[in-house]
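Q: I would like to go through this structure with you. Could we take the surface first and then move inward?

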Amino acid sequence: MSGVVGGILRLALLPLRAPFLLVLLLVSVYLGVHWVVNAPIQDLVHPERDPVHGVYWAMECLQATVVVVVASVPNLFVSQLSVLMAASRVITLIVSLLLATIGGLYLLHLSALADVLILAAAVLLARLDLTRIRVVPSPLFTAFALSGYVMLGVWIGRRLKLEGLLGTLTGTS
């Protein structure tokens, strides 16, 4: 029983040991708020019943999940690029971060890709931080866990904005 409690405690303290996990959570909360603000609203009385609203949220969540999965398993996508990159996880993460940043800077004028770039950079930095503290689970588990973590942050941001807690803090409604 103490092993389970110790495991839960280590998992709870992980964001303190790897602070870029907190940055990833803040980025995902921001994305949740941003998506609420930019969501198309057709039915002002019940926006959650509008099919366009549901498709919008499904596509945004799918996009975020795909970005997290691609950024979580760069070994599978980038190992074909170079044997040097495949030799070290840290080099793979650094090259992936550079590719995401350079590609994103080129495409940054498109507002839809700005969210993708920010999320990809935050995920890669969180993975680099986890590698620094030697927490390296399997790539599929990492992709699943970080996707859930990002979706939790998006949900928190959405709830904050929809319940008006963020509007009173920022002066908007």
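Q: Which residues form a nonpolar patch on the surface?
A: This is a predicted model. In it, V55, M59, L62, V66 and V70 form such a patch, and together they have about 450 Å² of accessible area.

Q: Take V66, then. Where does it lie?
A: V66 is part of helix α3, which covers residues 51-72.

Q: And is V66 buried, partly exposed or exposed?
A: V66 counts as partly exposed, because its relative accessibility is 45%.

Q: Let us move inside. Which residues of the largest nonpolar core touch the most other members?
A: That core has 30 residues, and those touching the most other members are L21, L24, W35, W57, L119 and V123. At least two core residues come from each of α2 (20-38), α3, α6 (89-107), α7 and α8 (139-162).

Q: Which helix gives the most to this core?
A: Helix α7 does, with eight residues.

Q: Why might nonpolar side chains be found buried together?
A: In soluble globular proteins, nonpolar side chains tend to be buried together.

Q: Back to W35. What is W35 in contact with, leaving aside neighbours within four places in sequence?
A: W35 is in contact with Y56, W57, E60, C61, A64, D115 and V154. Of these, W57 is also among the core residues that touch the most other members.

Q: Changing topic: how many salt bridges does the count come to?
A: The count comes to two. One joins R132 and D129, whose closest N and O atoms are 2.8 Å apart. The other is formed by the side chains of R159 and E163, at 3.2 Å from N to O.

Q: Why are R132 and D129 separated by about one helical turn?
A: The reason is that R132 and D129 are three residues apart in helix α7.

Q: Is D129 buried or exposed?
A: D129 is buried, because its relative accessible area is 6%, and the cut-off for buried is under 20%.

Q: What about R159, buried, partly exposed or exposed?
A: R159 counts as partly exposed, since its relative accessibility is 29%.

Q: One last residue, T131. Where does it lie?
A: T131 lies in helix α7, which runs over residues 111-132. T131 counts as buried because its relative accessibility is 16%.

Q: And what does T131 touch, not counting residues up to four places away in sequence?
A: T131 touches V90, L93 and V136.

Notes. Residues are numbered from 1 along each chain as its sequence is written. This is a predicted model: local features need pLDDT of at least 70, side-chain atom pairs count only at pLDDT 80 or more; totals for chains, interfaces and linings use all residues. Side-chain values use heavy atoms; hydrogens and water are left out. Helices (H or I, at least four residues) and strands (E, at least two) are DSSP runs, numbered from the N terminus. Buried means under 20% relative accessible area, exposed over 50%, partly exposed in between (1.4 Å probe, protein chains only). Contact means heavy atoms within 4.5 Å. Patches are made of residues with over 30% relative accessible area and no salt bridge: like charges are joined within 9 Å, nonpolar side chains (Val, Leu, Ile, Met, Phe, Trp, Tyr) within 5 Å. Accessible areas come from the Shrake-Rupley method with a 1.4 Å probe; for residues, only the protein chains shown count as cover. A salt bridge is a side-chain nitrogen of Lys or Arg within 4 Å of a carboxyl oxygen of Asp or Glu. A nonpolar core is a set of buried Ala, Val, Leu, Ile, Met, Phe, Trp, Tyr and Cys residues joined through side-chain atoms within 4.5 Å.
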